[in-house]
Every structure is written in structure tokens, then in C-alpha cells.
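Reader: I am new to this structure. Please take me through one chain closely, and then show me how its partner meets it.

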Amino acid sequence: MKRSVGIVLTSVLALAGCSSGGDDAASGDTATSACAPSTGQVELTFTSWIPGIEEVVKVWNDKNPNIQVKVQTGPNGNGGTYQNFFNQLKAGNAPDLGQIEYDTLPSFRVQDGLANLAACDIVTGAKDKFVDWTWNQVTFGRQDSVYGIPQDAGPMALFYRADLFKQNNIAVPTTWAEYATAAEKVKAAGGYITNFSQSDVNQFAGLAWQAGGRWFGNDGSQWTVDFSDAKTTQVADYWQDLIGRKLVSTVPPWTTEWDNAYNTGQAWTWVSAVWGANSIATGAPTTKGKWAVAPMPQWNAGDKSAGNWGGSSTAIFKSSKHPYEAAQFALWLNTSDEALTLLNQKANLYPATKAGATLPALTTGVDFYGGQKIYEVFAEASAQVSPDFVWGPLMTKTYADTADGFKAAVSGQGTLAEALKTAQSSTVQAMKSQAIPVKE
Amino acid sequence: MTVTEIAATSTAAEVRRAPRRRTAHRGAIAFFVVPFGVLFALFFVLPVGYAVVQSLYVMERADMFSPAREVFGGLTQYGYVFSDGPFWRSVGRVLLFGVVQVPVMLGLALLTALLLDSGLVKAGRFFRLAFFMPYAVPGVVAAIMWGFLYSPNLSPFTALTKSVDLLSADVVLWAMANVVTWVYVGYNMIIIYSYLLSIPTEIYEAARLDGAGPVRIAWSIKIPLVMPALVLTTVFSIIGTLQLLAEPQVFRSFSSAVSSTYTPNLTVYSTSSIPNFNLAAAFSVVLALATFALSFGFLKLTQRKGLR
């Protein structure tokens with residue numbers, strides 16, 4: 001594997017230079033950025049919030065004296081890094097590369113902040129390495145565009161307290177109906193089956209994604225926005241019912257109070273993405289060995305579908321003077337065995353590559369989960385994620401408005417379904433005020 | 001006699017030297033004013049001007065993914081501002097906050113300043129510093145700390161926080177008012193206290209001879225005389241209230257009751273992170289004008305009443 005990457009890189013070095021421009025009159029792009037190698041030593045800047053990313057980058061720097069990457073870390077995307085990126089783009093001092101989650105790529109695309117890597121043969125040549133749906137997320141399903149290198153995926157599954165379920169003789173739910181029944185039993189046993197994270201709208205989107213909800217669409221000329229299709233409404237009503245019956249707690253997520261709910265055994269399950277394995281291990285250290293992972297509950301018994309929550313790409317900003325070298329680094333970071341293994345060890349990242357699933361690190365048991373080979377569950381889930389979920393162009397706004405409505409709903413004002421309707425109309429309004437074509 | 005003579009000579013000398021001295025002054029004036037002027041222009045006039053210009057532009061796109069162009073849009077963004085329900089609700093919220101919190105805070109500041117000034121308190125220097133300490137704590141840190149104290153399950157005062165949810169929709173505004181008060185009482189106290197120190201002690205002596213006790217002196221002499229300090233601190237507080245950002249921003253993650261548009265400044269912040277810089281600029285300009293109108297209006301009101 002390592003050798004093959006080397007071969008790809010060298011052969012591409014020879015090929016580079018011939019690639020530039022591109023015919024994309026259809027997309028209305030004025031120009032596709034060229035992808036020619038620079039001469040001499042190149043220094044790249046890269047902003048990311050992956051724990052331990054510095055050490056991964058150091059491995060690259062040691063091997064590539066001519067392409068030195070300076071890594072800057074910051075808060076997670078919606079926690080401030082995206083805002084920084086937008087400000088930097090406006091001010092003209094954006095880094096060369098940045099970590100951007102799939103859901104926010106369209107926002108940067110709409111602000112015209114990203115380099116189109118379709119001109120880089122090394123990038124288009126790597127297409128088949130990636131899991132199909134992740135590649136779709138960075139190309140927006142188009143032939144003539146690649147706006148980032150897929151990094152990791154966030155296939156979702158059910159984390160549950162194996163010990164508590166066993167002690168209380170509760171079967172691990174395989175459908176959402178069973179999950180609701182289990183919730184009653186857990187409540188009777190003095191806990192909550194889970195915490196409804198009112199401000200994690202991207203988690204809710206993952207739940208809707210699994211059910212078959214589709215929030216955005218675009219036909220190349222305009223966007224469609226629909227947060228209240230039948231499938232999404234079904235999910236919203238389901239959770240509204242659990243909230244109404246007080247079968248779930250509603251502690252604000254990512255707070256100490258929330259960690260405490262998991263650490264003290266008050267919350268028994270978490271429907272989360274693969275990287276959540278890391279969140280539980282760091283947030284609830286005293287529960288080591290007591291957790292296990294099962295596939296996400298299904299809407300119909302026997303179905304096999306999973307949602308996705310998060311997952312990032314490594315994007316190259318349009319202002320970068322060295323897109324070719326940046327693409328080289330991004331490909332190494334997201335396809336090489338050594339980088340993927342390190343990223344998994346440091347941050348439990350689950351690679352977006354097809355080959356990633358067979359890495360030794362991803363096929364062994366994990367101590368925190370009682371030695372269970374948890375990544376096998378996620379590998380299965382990854383294959384069940386529907387490839388056609390599209391993110392909107394103003395997700396920051398969509399998330400903020402939906403979270404405002406969800407927060408009100410858990411405080412007893414309105415419902416989740418109503419919150420989604422309100423967020424839909426404010427998203428459409430925000431798109432119109434920025435002249436983004438949208439179908440009403 | 002000689003004194004007048006000397007005075008006369010020196011005046012004459014001054015008159016003679018006057019033109020030269022004026023030139024010397026010009027250099028000195030420039031020396032002292034230019035640094036301020038440059039900084040003022042760079043960090044005040046320019047950004048404000050830039051925000052105003054930004055607020056007059058709108059986005060235009062040829063189609064879905066073509067780069068956006070900024071074109072002059074007149075008052076379009078202001079149209080959005082004035083039809084934005086959550087924004088005006090947030091303005092109402094901070095006004096309510098200010099009407100309650102500012103008098104409470106300044107009342108406490110005045111009370112502590114009077115106590116320190118009365119000489120009744122032992123170890124006045126210690127208390128002066130102790131009251132002022134919270135102001136040295138950065139606002140964000142103060143908000144996080146209080147957030148923990150309010151937390152239903154982790155607070156050291158769970159007996160209270162379990163029965164009354166201090167982070168719920170009905171209470172959280174006042175929970176934040178408490179944080180702001182905690183931070184700023186000492187700061188305002190110092191301003192009022194230093195004003196009290198500048199009052200000539202002869203006035204107190206006269207009052208005491210007339211038979212006034214400490215309470216009477218405080219009420220009839222000290223409070224009227226520190227009115228200018230109270231006016232000043234009120235203006236600062238009005239500005240601070242309308243611009244509340246750190247506390248609601250921190251509380252947003254703790255509390256379900258704090259939305260992304262809870263205060264006007266939080267609305268500006270959320271709008272700029274969409275990113276919609278033009279609309280955010282329009283919000284900022286409206287907020288700045290409202291702040292200016294309120295503080296200036298308050299000053300005018302107090303001047304008319306002869307408080308200054």
C-alpha cells in the first residue's frame with residue numbers, strides 16, 4: 001500500500017503540468033484553478049481540529065523536506081474554525097488547507113472559497129480509493145468538480161451500556177419501536193435510555209438521513225429545501241414523543257453536565273458516529289469496559305440502513321498558491337496507511353477510503369469497549385449509508401435556527417417538527433437575501 | 001507695589017513672546033494629538049465607516065455556484081433588519097435586562113462606595129480591592145464559573161439548583177444579570193468612590209456642625225455631589241447592556257433557553273458566521289445608533305434636570 005502510493009505520486013509528478021484548466025461552462029465556473037507543481041521549497045499552512053494532528057503532520061514533514069506543512073489547530077468547525085475561515089477568506093489570508101466537514105463544504109463552495117481540484121490528475125485519479133458516498137460529498141455529485149479530499153466518515157451505530165442492559169434484562173433494541181419500549185424499562189430502572197442533544201442538529205440530520213429524509217437538493221440551477229418531508233417528520237415526532245414522556249434527558253450536549261450523565265450511568269445509550277467512541281472514552285472514563293456497539297435501530301425490522309454524522313474533508317482554499325503540493329499532502333494524509341493508522345489511534349477517525357477498513361488498527365478489539373471489534377460494526381454501517389444526502393449552502397444558519405427551535409421544544413415551547421418548519425423558512429429567507437437561487 | 005511691577009513685566013514679556021510660543025504649541029499639540037488621531041482613525045473611524053459601507057451592499061449571483069458579487073443595494077439590508085422579529089425581541093430583552101440590572105448594580109456600587117467612604121469599615125483598603133477583584137476576572141471566565149455554580153447536577157449548591165432551574169427560560173436572563181452585576185459592581189464602586197474622595201472635607205465638617213449624622217450626610221451631601229459619577233457609570237452601563245455578548249454566548253452552551261439571537265450582539269455574531277457580512281454590518285450599525293441614542297438621550301435628560 002505504501003509503495004503503491006509512492007508509485008502514484010511519482011507517476012503523477014511526471015504527469016503534472018499537462019493538467020490545467022478544464023471545460024466547465026455548464027457549471028458557470030469562470031475558471032478551474034490550475035494544478036501545476038511549484039518549484040523549490042514550498043511551505044503550506046493547514047488548519048484542523050483533530051486531536052493529535054500535529055504528530056501526523058510531523059511524519060509528513062520529516063519525509064518531505066521540500067513540502068513543509070505548518071499545522072494550526074483551533075476549535076471544531078462550528079465552534080469557531082469555520083467563522084475564522086470565512087473571515088480569513090474575506091480578508092485574503094486563508095490557510096492553504098483546512099479541515100471542513102462534508103455538511104459545510106457547500107457553504108464554502110457557495111462563498112467561492114474553495115479550489116476546484118478537478119484539474120489535479122493526482123486527485124481525480126484517487127477517486128476509486130474512496131467510499132462512493134464520501135466522494136459524492138466532495139464533488140456534489142458532479143463530474144467536473146472536486147472540492148476536497150475525503151478524510152473520514154461518520155457512520156452511525158448504537159453505543160450502549162452492555163452491563164446495565166444485561167443486569168436489567170433488557171434486550172438490545174434492533175428497531176426504533178424496540179428502542180422506545182426499552183426506554184420505558186430503562187426509566188423504570190432509574191436511568192434514561194439516552195440524552196436528546198437539542199443542539200446537535202447534525203446528529204438529528206444523521207437520524208433523518210437513515211430514515212430516508214432529504215433536506216436539500218439541487219438540480220444545477222436552483223436549490224430545493226425541505227426539512228419537513230414525511231421521513232424527517234417521522235423522526236421528529238418519534239423523539240418528540242420520548243421527550244414528552246420524559247424517557248430521555250435533555251442536558252445540553254458537550255457540557256460537563258452531559259459528560260457527567262454518561263460517566264455516572266444516568267444515560268445508557270448514544271446513537272452516534274464512529275468518532276463518538278473517542279468522546280465516550282474521554283468524557284466518561286469511569287465506564288471503561290462497560291460499553292458495546294450495535295447497529296443503529298431500524299425503522300422496519302430487517303432493514304439495513306445507517307445514518308452518517310460528521311466526517312471531514314481536507315479542502316484547499318482558492319487562495320492557495322500551491323494547490324498541487326497541497327493536494328499531494330491531502331492525499332497522503334487521507335489515503336496512506338501510516339497517516340490513517342495514526343489518525344485512528346489519536347482520534348478514532350474512521351477512514352473514508354475503501355482500503356481503510358482493513359487497516360490492522362481497525363480490525364482489532366478496543367479495550368474501552370470490552371475488547372469488542374467495534375470498527376466491524378461501523379464498517380458494516382458505512383456500507384449502508386445512503387449516498388444521495390445533500391447538504392445546503394448555509395448550514396451554519398440552518399443548524400443555528402434548528403437548534404434554537406429544538407432548544408425551545410425541549411423547554412416545552414413548540415415541537416421538534418414545528419422547529420424544523422421554522423428553520424426551513426428562515427433558511428430559505430437567508431438564501432434569498434444572499435441571492436442564492438432557491439425554489440420556494 | 002513691586003509685586004504688581006513684576007506681574008506687569010512678566011505679562012509684557014508674555015505678550016512679546018506670544019507669537020513664538022504659539023508656534024511651539026503647534027508642534028506640541030501635533031505631537032500629542034497625532035498618535036491619538038491616527039489610532040482613532042485607524043481603529044474607530046475606519047472600521048465604523050467600513051461597516052456602514054458594507055451594510056449598503058447586497059450579494060448578486062449569476063447562478064447557483066458562480067462567485068457572488070457585491071453590488072450597491074441602498075437600504076436593502078436595513079429592510080431585513082427592521083423586519084427581523086428575533087432581533088427586535090432581543091433588543092426588548094436587553095432593555096428589560098438594563099432597566100432592572102443597571103439600577104441594582106449601581107445601587108450596590110453606590111452603597112459599597114459610601115460604606116468605604118464613611119470610615120465605618122475596618123480594613124477599607126482590603127475591601128476596596130476585594131470588591132474590585134471580580135472585574136479582573138475575564139468576562140468569559142466569570143460566565144463559565146457561574147455556569148458551573150448554576151448547573152443543576154454539578155453545582156456545589158445542588159440543594160438550590162435542583163429545585164430551581166437557574167438556567168431555565170424564565171430565570172436565565174436574571175442569572176446572567178447576576179453574573180454581570182458580580183463583575184461590574186466593584187468597577188463602578190471604584191469610580192464613585194474616587195469621586196467621593198474628591199469632595200472637600202470642609203463640607204462634611206459644616207454639615208456635622210449643623211447636626212447632620214452620617215446617614216444624613218450621605219443622603220443630602222454625598223449622593224447629590226457624586227451625581228456626575230453616577231451619570232457616567234449609568235452611561236457606561238447602558239452601553240455595556242446593549243452590547244451583551246460574552247455571557248449569553250457562554251450560557252448558550254449550558255442552557256436551552258439561550259438562542260443564537262438572544263441579544264443583539266449575539267445576532268450580529270451569528271449573522272456574520274453564516275457568513276452574511278453585509279447583514280451583520282447593518283445589524284451593527286443599527287445597534288450602534290440605538291446605543292448612541294440611548295446614552296446620549298440619558299445624558300441630555302440628566303443635563304436638563306441639572307444633575308451635571
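Author: What follows starts with the build of chain A and ends at the contact with chain B.

This is a predicted model, in which local features need pLDDT of at least 70 and side-chain atom pairs count only at pLDDT 80 or more, while totals for chains, interfaces and linings use all residues. Residues are numbered from 1 along each chain as its sequence is written, and chains are lettered from A and ligands numbered from 1 in the order in which they are written.

Start with the whole of chain A. It holds 17 helices and 13 strands. Helices (H or I, at least four residues) and strands (E, at least two) are DSSP runs, numbered from the N terminus. The radius of gyration of chain A is 22 Å, close to the 22 Å that the globule rule gives for 440 residues, so chain A is as compact as a globular protein of that length. That radius is taken over C-alpha atoms, and the rule is 2.2 Å times the number of residues to the power 0.38. The C-alpha trace of chain A spans about 70 × 50 × 35 Å along its principal axes.

Burial comes next. A residue is buried if 20 or more other C-beta atoms lie within 10 Å of its own, exposed if 12 or fewer, and partly exposed in between, with C-beta atoms placed from the backbone. Of the 440 residues of chain A, 53% count as buried. Contacts also reach far along the sequence. Two residues are in contact if their C-beta atoms, placed from the backbone, lie within 7 Å. Among contacts in chain A with a separation of 6 or more, 76% join residues 24 or more positions apart.

Chain A is divided into domain 1 (2-153 + 310-362) and domain 2 (156-309 + 376-439). These bounds come from an automatic or database domain assignment. The centres of the two domains, taken over C-alpha atoms, are 28 Å apart. Where they meet, 20 residues of domain 1 of chain A are in contact with 21 residues of domain 2 of chain A. On the domain 1 side, helix 4 (105-110) and helix 6 (132-139) of chain A each supply at least two residues. By class, that side has eleven nonpolar, seven polar and two charged residues. Here Ala, Val, Leu, Ile, Met, Phe, Trp, Tyr, Cys and Pro count as nonpolar, Asp, Glu, Lys and Arg as charged, and the others, Gly among them, as polar.

Now the interior. A nonpolar core is a set of buried Ala, Val, Leu, Ile, Met, Phe, Trp, Tyr and Cys residues joined through C-beta atoms within 7 Å. The largest has 143 residues, and Leu117(A), Ala327(A) and Phe329(A) touch the most other members. This core draws at least three residues from each of the two domains of chain A. Leu117(A) touches residues including Cys35(A), Val146(A) and Ile316(A), leaving aside those up to four places away in sequence.

Helix 15 (residues 374-384) of chain A has buried residues too, among them Ile374(A), Val377(A), Phe378(A) and Ala381(A). Seen down the helix axis, the buried residues of helix 15 fall within an arc of 145°, so they line one face of the helix. The arc is that of the directions from the helix axis to the C-beta atoms. They pack against elements including helix 12 (276-283) and strand 10 (291-295) of chain A.

Two loops deserve a look. Most residues other than glycine have a negative phi, and most peptide bonds are trans. Lys246(A) is not a glycine, yet has a positive phi of about 55°. It sits in the loop between helix 10 (230-244) and helix 11 (256-263) of chain A, and is exposed, with 11 other C-beta atoms within 10 Å. Asn348(A), also not a glycine, has a positive phi of about 55°. Asn348(A) is buried, with 26 other C-beta atoms within 10 Å.

Last, the partner. The contact takes 30 residues from chain B and 37 residues from chain A. On the chain B side, strand 1 (57-60), helix 11 (246-254) and helix 13 (277-304) each give two or more residues. That side has 15 nonpolar, twelve polar and three charged residues. In helix 12 of chain B, eight of the nine residues are buried. Their cover includes helix 16 (395-410) of chain A, together with helix 3, helix 10 (227-242), helix 11 and helix 13 of chain B. After helix 12 (264-272), the loop leading to helix 13 of chain B holds Pro275(B). The peptide bond from Ile274(B) to Pro275(B) is cis, with omega near 5°.
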